[in-house]
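Reader: I have a two-chain model open on my screen and would like to understand how the chains meet. Could you walk me through it?

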Amino acid sequence: MRDVDRTLLRENLKLTFEQRAEKHLRALQMVEELRRAGKKLRQKSDGR
Amino acid sequence: MAVDLAQIIPPLVRAEVDFILIGGMAAILHGSARVTFDVDLVYSRTHENIERLVAALAPHRPYLRDASPNLPFAWDARTISGGLNFRLTTKLGDVDLFGEVAGGETYSDLLPHSFDVDAFGVHFKCVDLPTLIRIKEATGRSKDREAIAKLRILSEETDKNEQG
């Protein structure tokens, strides 16, 4: 697969289990924040 | 809701529940960069373990995910004994419980293919990377193809990392 960022995997492999879980949680929280923002934006544009 | 392993795993370990972490969160612990939204656990189907599992998760209000809120679902040992795999929503996030994974493997089958993780102040079992890939392959879902390819690359990188 060409689109896999191996440097990201190599960075993750340097982390402890807890650090990997914490990093994932931060990414997950960001995804959820973006989802919420997208939902608000759609509601706003639907209300026009 | 962002599911946090640090909130879900320790209460299960302290309640002496026999389980193995599998799925996307296991991949994260192996170093995967893919975001996953739920916690997948294979649990032992012994009566005692089911009792412990039910008691440990009860405070977090487990309920069937994507189900109507008015179903007569009781979170108790009888329900778990009578079923096998459960897709749950809890106050801590989404949790999938597997009595059996694709390919028919159970907790006892997967135990020799798991390793101890020391994290969040507890020790628990996580499935090893080759077995995680094998389970994903056994599901045979087209949506897992990309995930499997990425796990294989992770496996290559892990081998390189271990070789120094």
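Author: Happy to. Please keep in mind that this is a predicted model. Across the interface of chain B and chain A, 8 residue pairs are in polar contact, both residues of each pair having pLDDT 80 or more.

Reader: Thanks! Which element gives the largest share of the side of chain B that touches chain A?

Author: Three elements of chain B give two or more residues to that side: H2, strand E6 (114-119) and H7. The largest share is 10 residues, and it comes from H7(B).

Reader: How do the residues on that side of chain B divide into nonpolar, polar and charged?

Author: The side in question is made up of the 32 residues of chain B that are in contact with 20 residues of chain A. They divide into 8 charged, 7 polar and 17 nonpolar.

Reader: Which three residues supply the most of the area that chain B buries against chain A?

Author: Chain B and chain A bury about 2,200 Å² between them, and 69% of that lies on carbon and sulfur atoms. Of the area that chain B buries against chain A, 23% is supplied by three residues, more than any other three: Phe37(B), Ile153(B) and Glu157(B).

Reader: Charges catch my eye too. Which residue of chain B does Arg6(A) meet in a salt bridge?

Author: Side chains of opposite charge can pair when their charged atoms come close. Between chain B and chain A the count is 3 salt bridges. A network of salt bridges links Arg6(A), Arg10(A), Glu156(B), Glu157(B) and Lys160(B). Within the interface, the side chain of Arg6(A) meets, at 3.1 Å from N to O, that of Glu156(B).

Reader: Now for chain A. Why do the buried residues of H1(A) line one face of the helix?

Author: In helix H1 (residues 6-13) of chain A, the buried residues are Leu9(A), Asn12(A) and Leu13(A). Looking down the axis of H1(A), you find these buried residues on one face, because they fall within an arc of 100°.

Reader: And which helices do the buried residues of H1(A) pack against?

Author: The partners come from both chains. In chain A there is helix H2 (17-46), and in chain B there are helix H2 (23-30) and helix H7 (145-163).

Reader: Back to charges. How many residues apart are Arg52(B) and Asp18(B)?

Author: The side chains of Arg52(B) and Asp18(B) meet in a salt bridge of 3.6 Å, N to O. This pair links distant parts of the chain: Arg52(B) sits in helix H3 (residues 47-57) of chain B, and Asp18(B) in the loop between helix H1 (5-14) and strand E1 (19-22), a separation of 34 residues.

Reader: Is Asp144(B) buried or exposed?

Author: The side chain of Asp144(B) meets that of Lys136(B) in a salt bridge, 3.6 Å from N to O. With the cut-off for buried set at under 20% relative accessible area, the 4% of Asp144(B) makes this residue buried.

Reader: One more: what separates Lys150(B) and Glu146(B) in helix H7 of chain B?

Author: Their side chains meet in a salt bridge of 2.8 Å, N to O. Lys150(B) is partly exposed at 23% relative accessible area, and Glu146(B) is partly exposed at 37%. Because the two are 4 residues apart in helix H7 of chain B, the separation is about one helical turn.

Definitions and conventions: Residues numbered from 1 in each chain as written. Chains lettered and ligands numbered in written order. Predicted model: local features only at pLDDT ≥ 70, side-chain atom pairs only at ≥ 80, totals over all residues. Heavy atoms only, no water. Buried < 20%, exposed > 50% of the residue type's maximum accessible area, 1.4 Å probe, protein only. Arc of directions from axis to C-beta. Contact = heavy atoms within 4.5 Å. Salt bridge = Lys/Arg side-chain N within 4 Å of Asp/Glu carboxyl O. Buried area = accessible area lost by both parts, 1.4 Å probe. Polar contact = N/O pair within 3.5 Å; in protein donor to acceptor, adjacent residues only side chain to side chain. Nonpolar A, V, L, I, M, F, W, Y, C, P; charged D, E, K, R; others polar.
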